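Here is a quick tour of one protein model, taken a piece at a time. Keep the viewer open and follow along.

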Amino acid sequence: MESSLVTRYLPILYALAAGLVAVCVLTWTLAWTGGVDTLRRDAAVRGDRTTSALKSVLERYESLPYIVGVNPLVQNVLADPTPARIDKVNRYLYDVNRHAHATATYITNANGDCIAASNWRDADSFVGAQFRFRPYVVDAVKGEVGRFFGIGTISHEPGYFLSQPVRLNGKIVGVAVVKLDLEWFPGTDSTEPLLVTDNHGVIFLSSVPAWKYHTMHPLSKGVVDSIESTRQYVHQSLPQLSEHVERTLKGNVDVVRIGGRLGAQSYLETRRALGEPSWHIVTLSPMSPVTAAARSATAMAVFGYVSLCLLGFYWRQRREREKEMIKSRTMLQEAYAMLNQRVAERTADLLQANENLQREVHERVRAEAKLRAAQDELVQASKLVALGQMAAGITHELNQPLAALRSFSDNTRVFLERGQYAAANENLETIGALTERMGKIVNQLKLFVTRPRPRGLRAPVVPALHNALALLDKRLAAASVTLTVTDSTDNIDVVAALDPRGDYPGLLAQCDDLRMEQMLINLIGNALDAVAGTVAARIEIDIQIRFATIVIRVRDNGPGIPDEVMSRIFEPFFTTKEMGQGLGLGLAISSSIARDCGGSLTAQNAPGGGALFVLMLRRAQAASIDAPTIGA
């Protein structure tokens, strides 16, 4: 009896065991593959972020050697390196290096001898050193852009070197070099190992300090000789990193083990090329979470499989008992037959309901598809509207700086023809500041759409007014401008003339300085347009200091604002000017800036004629600032 039972159930046991093995293998494979795919996607995102950050840093300094090389001071000192010229260039390089936040900036002649450097006063100065053996000098002398990472032979500190040839009368007379410190870069994300290798496979940046200056693979004799001849990694032996490839996947992805022992940590290694320079970003994601997840999933699958087997055995035993009960209860056959009939009827009803439900689902899917198509069209239309507004805003806000650039450029040409180099240099610095301002304007135009609220910004009002008057200098020649400041902090109005170049420490508004200049330029420019053609044109600008606010009043003696225009004067793209003379954005942008800064901009007709615009802003740190003395 027992032997017959064993013979009967033995094939079933074998089948169940085989099914268990298949479930374990399949679950482990699916869980491991899914975990690796997730890890690969996360590594790809991390690699993209890292690559973008590193390329952004390198590209930001790409043009700095060229800018240094075209400076007349640098070209003249290479042509005739007198002590006086070298001293001027040293100070110029120190100032450039300090503002650019670079490690070092220096120039060499065509033979690689360092003539001047930003660190000429330091103990490890580059002045007098010979860099002919460095590839970035060789490339620059050939007329190419030099890019090189290595350890400094004098400072013994690693850095990335960018170089450009310095030309004089079409001939290369020297090399301009900028050195950058990239040691901070791997520390931006220390949760997982991150490596940066050069074109030889040498790790020169690593979030794991112990792996730095190791190689990813054995170096050939030619590569070793090249590294030694250029002294790229001074005093570094460059041992090979103990890496064992456990499995190779698609897309430059491997599963590797770092360390010689079997229990060493395994990683998912992804590699991507940086482009220029020829570096590679290597991300290492630990495989332990994937293995743990696969192990847990397999254990759960085993538990579920065993539970199903036990449930099947229980179901089989119960079915056999039910058969015995059915045989012993012949009296219930009619009842069972009636029950089966009712079940059939109920099943038919359910099938009909299911068909109706499927039709409803189909109709809903079609309606949702139409809705999504309509939403896509609305999104595209809103994008086109936003693009038009942005183009119009840029055109309006850049008109004044462009006019000022033209004026300063003409003056600079005249100064150069007269030999007034100091005045020409001051104009060139102003042109540079205007260029920076135009860049800020382009970035700040998004406030008309997103309306960001400034937090903790402090803008000095008088310098902003000075800059606005300087930009509108030529247009202001046709009108008389009166500047006054009124102090009302002690409930007594003290009025004095305002000097745009004076120091008024209490005149600080809670606003960004660029936005402050934008508002003043728009208000004064609007007043100039109003008095155009007016006899004895006059513009009055009064700044009133109160305890918590600063009020700026701009009044003109023009024709004033008509009643039908007053209600729409701050609407975007509303203008009374001729076609091509205005976009109707100046007052709208100024009103938007004032609201974002917690203030207001209003317009009214002055009692004596003309228009009056009142700009009210919150005073920065009004509770802690003593009232300024206007006569001081």
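What volume does the second largest cavity have? Bear in mind that this is a predicted model. The answer is about 50 Å³, and the cavity comes out of a search of the whole structure that finds 2 cavities of 30 Å³ or more. Its lining is made up of Tyr106, Phe126, Phe131, Arg134, Tyr136, Gly152, Thr153, Ile154, Phe161 and Lys179. Sorted by class, that lining has 6 nonpolar, 2 polar and 2 charged residues.

**The open sheet**

Now for a sheet. Here 5 strands line up in the order 2-1-5-4-3, forming an open sheet with antiparallel pairing. Strand 2 (114–117) and strand 3 (146–151) each have a single partner strand and stand at the edges, so one side of each has no neighbour in the sheet. On average, and ignoring direction, neighbouring strands of this sheet are turned by 25° against each other.

Take edge strand 3: it pairs with strand 4 (residues 158–168). In that pairing, glycine 146 sits opposite serine 163 of strand 4.

**Two helices across the sheet**

Helix 3 (residues 72–79) lies across strand 1 (104–109), strand 2, strand 4 and strand 5 (171–180), and runs at about 75° to strand 4. Helix 4 (residues 83–100) lies across strand 1 and strand 2, at about 50° to strand 2.

How do the two helices meet, and which residues are involved? On the helix 3 side, Leu73, Val74, Asn76 and Val77 meet Arg85, Ile86, Val89 and Tyr92 of helix 4. The residues of this contact divide into 6 nonpolar, 1 polar and 1 charged. As for geometry, the axes of helix 3 and helix 4 come within 9 Å and cross at roughly 145°. The crossing is left-handed.

**Strand pairings side by side**

Further along the chain, strand 13 (residues 480–487) pairs in the parallel sense with strand 16 (residues 538–545), and in the antiparallel sense with strand 14 (residues 494–497). Valine 485 has isoleucine 543 in strand 16 as its bridge partner, while threonine 486 is bridged to valine 495 in strand 14.

Here are the pairings with their bridges:

| Strand pair | Sense | Bridges |
|---|---|---|
| Strand 3 and strand 4 | antiparallel | 6 bridges |
| Strand 13 and strand 16 | parallel | 8 bridges |
| Strand 13 and strand 14 | antiparallel | 4 bridges |

Key
Residues are numbered from 1 along each chain as its sequence is written. This is a predicted model: local features need pLDDT of at least 70, side-chain atom pairs count only at pLDDT 80 or more; totals for chains, interfaces and linings use all residues. Side-chain values use heavy atoms; hydrogens and water are left out. Two strands pair if DSSP finds at least two bridges between them. Axes are lines fitted to C-alpha atoms, for helices over the stretch in contact, and angles run from 0 to 180 degrees between N-to-C directions. Contact means heavy atoms within 4.5 Å. A crossing is left-handed if the near helix is turned anticlockwise from the far one by less than a right angle, and right-handed if clockwise. Ala, Val, Leu, Ile, Met, Phe, Trp, Tyr, Cys and Pro count as nonpolar, Asp, Glu, Lys and Arg as charged, and the others, Gly among them, as polar. On a 1 Å grid over the protein atoms alone, a cavity is a set of points where a 1.4 Å probe fits but cannot get out, and a pocket is an open set with protein on both sides within 12 Å along at least five of seven lines; lining residues have an atom within 4 Å of a point. Grid points are joined across faces, edges and corners, and a volume is the space filled by probe spheres set on the points.
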